[in-house]
Amino acid sequence: MSNVIGEIIGGKYDIQTKLGQGGSGVVYLAKKLDTNERYAIKTLSTDEDNAIKLLERETETLKRFNHPNIVKFIEQGYETRHKLVYLVLEYLDGQDIKTYFDSGIDLKTKFNLFKQITERCLLNIFSKVWMKLILKLKLFGKKKLQIAYR
């Protein structure tokens with residue numbers, strides 16, 4: 001994967017520094033040129049198999065969630081010069097959960113935090129499914145049932 005620090009991605013994001021790297025890509029800190037707002041840019045090389053599919057799946061997942069504990073999706077794009085697909089995400093300054101967990105907090109605090117995260121995620125998913133079900137039932141209720149007698 002090419003180094004994009006100091007480059008402009010998508011014509012508007014100035015890549016400042018590398019935040020992290022995983023198995024499928026690199027995440028950078030970027031400043032938007034016209035506003036100086038900071039964003040996290042997740043990049044995937046198009047040389048990697050399934051890069052586009054991975055990006056599309058992650059994009060669709062992030063678009064579905066609107067929760068204060070999940071980073072917000074901003075936009076996606078393709079950078080031809082570096083052959084990268086990228087996601088622009090809300091940037092949250094702080095430490096990751098692994099670093100926080102490894103900092104010496106007690107097991108009870110770890111468990112309670114994990115429980116809160118799990119409950120909120122499940123509640124968010126449940127509420128979306130429940131709303132879809134209610135909408136379908138309302139639509140079903142508006143249709144007149146035709147009964148055939150024999």
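# Close-up views of a predicted model

**Figure 1. Lys-83 is partly exposed, with a relative accessible area of 45%.** Like everything in these views, this comes from a predicted model. Why "partly"? A residue has to be over 50% to count as exposed and under 20% to count as buried, so Lys-83, at 45%, ends up in between. You'll find Lys-83 in the loop between β5 and β6. Take a look at its backbone too: phi is near 55 degrees, a positive value in a residue other than glycine. That's worth a second glance, because most residues other than glycine have a negative phi.

**Figure 2. Here's the hairpin around that turn, made by β5 and β6.** The two strands have 4 residues between them, and Lys-83 is in the turn. Strand β5 covers residues 73-79, and strand β6 covers residues 84-90. They pair in the antiparallel sense over 6 bridges. To get your bearings, start at Glu-79 and hop across to its bridge partner in β6, Leu-84.

**Figure 3. Now step back and see the whole sheet, an open one of 6 strands.** Across the sheet, the order is β1-β2-β3-β4-β6-β5, with antiparallel pairing. What holds strands like these side by side? Strands of a sheet pair through backbone hydrogen bonds. The edge strands are β1 (8-9) and β5, and each of them pairs on one side only. Moving inward from β5, you reach β6, which also pairs with β4 in the antiparallel sense, over 7 bridges. One contact to look for there is Leu-44, whose bridge partner in β6 is Val-85. Along the chain, the order of elements from the N terminus is β-β-β-β-α-β-β-α-α, which comes to 3 helices and 6 strands.

**Figure 4. Strand β3 is mostly covered, with 5 of its 7 residues buried.** On one side, β3 pairs with β2 in the antiparallel sense over 7 bridges, and a hairpin joins the two strands through 4 residues. Tyr-13 is a handy landmark, standing opposite Lys-32 in β3. β3 also runs antiparallel to β4, with 6 bridges joining them. Now find Lys-31, another residue in β3. Its bridge partner in β4 is Arg-38. Lys-31 counts as partly exposed, at 30% relative accessibility. The C-alpha atoms of Lys-31 and Asp-14 are separated by 5.2 Å, although the two residues are 17 residues apart along the chain.

**Figure 5. Asn-36 sits in the loop between β3 (26-32) and β4 (38-45).** These strands form a hairpin with 5 residues between them. Is Asn-36 buried or exposed? It's exposed, because its relative accessible area of 53% is over the 50% cut-off. Asn-36 has a positive phi as well, near 65 degrees, even though it isn't a glycine.

**Figure 6. Zoom in on aromatic rings: the whole structure has 2 aromatic pairs.** Tyr-13 and Tyr-39 make an edge-to-face pair, with 5.7 Å from centre to centre and 85 degrees between the planes. Tyr-13 lies in strand β2 and Tyr-39 in strand β4, so this pair ties together parts that are 26 residues apart in sequence. Both Tyr-13 and Tyr-39 are buried. Tyr-100 and Phe-101 form a pair that is tilted, at 6.3 Å centre to centre, with 45 degrees between the planes. Tyr-100 is partly exposed, with a relative accessible area of 31%.

**Figure 7. Finally, peek into the largest pocket, with a volume of about 640 Å³.** Its lining has 17 residues, and the closest to the pocket's centre are Val-71, Leu-92, Gly-94, Gln-95 and Asp-96. Which elements give two or more residues to the lining? They are β2 (13-21) and β6. Sorted by type, the lining residues are 10 nonpolar, 4 polar and 3 charged. Domain 1 (7-90) and domain 2 (95-147) each supply at least three residues to the lining. For a sense of the whole protein, 22% of its 150 residues count as buried.

Definitions and conventions. Residues are numbered from 1 along each chain as its sequence is written. This is a predicted model: local features need pLDDT of at least 70, side-chain atom pairs count only at pLDDT 80 or more; totals for chains, interfaces and linings use all residues. Side-chain values use heavy atoms; hydrogens and water are left out. Two strands pair if DSSP finds at least two bridges between them. Buried means under 20% relative accessible area, exposed over 50%, partly exposed in between (1.4 Å probe, protein chains only). On a 1 Å grid over the protein atoms alone, a cavity is a set of points where a 1.4 Å probe fits but cannot get out, and a pocket is an open set with protein on both sides within 12 Å along at least five of seven lines; lining residues have an atom within 4 Å of a point. Grid points are joined across faces, edges and corners, and a volume is the space filled by probe spheres set on the points. Ala, Val, Leu, Ile, Met, Phe, Trp, Tyr, Cys and Pro count as nonpolar, Asp, Glu, Lys and Arg as charged, and the others, Gly among them, as polar. Domain bounds come from an automatic or database domain assignment. Rings of Phe, Tyr and Trp (its six-membered ring) pair if their centres lie within 6.5 Å; planes under 30 degrees apart count as stacked, over 60 as edge-to-face and the rest as tilted.
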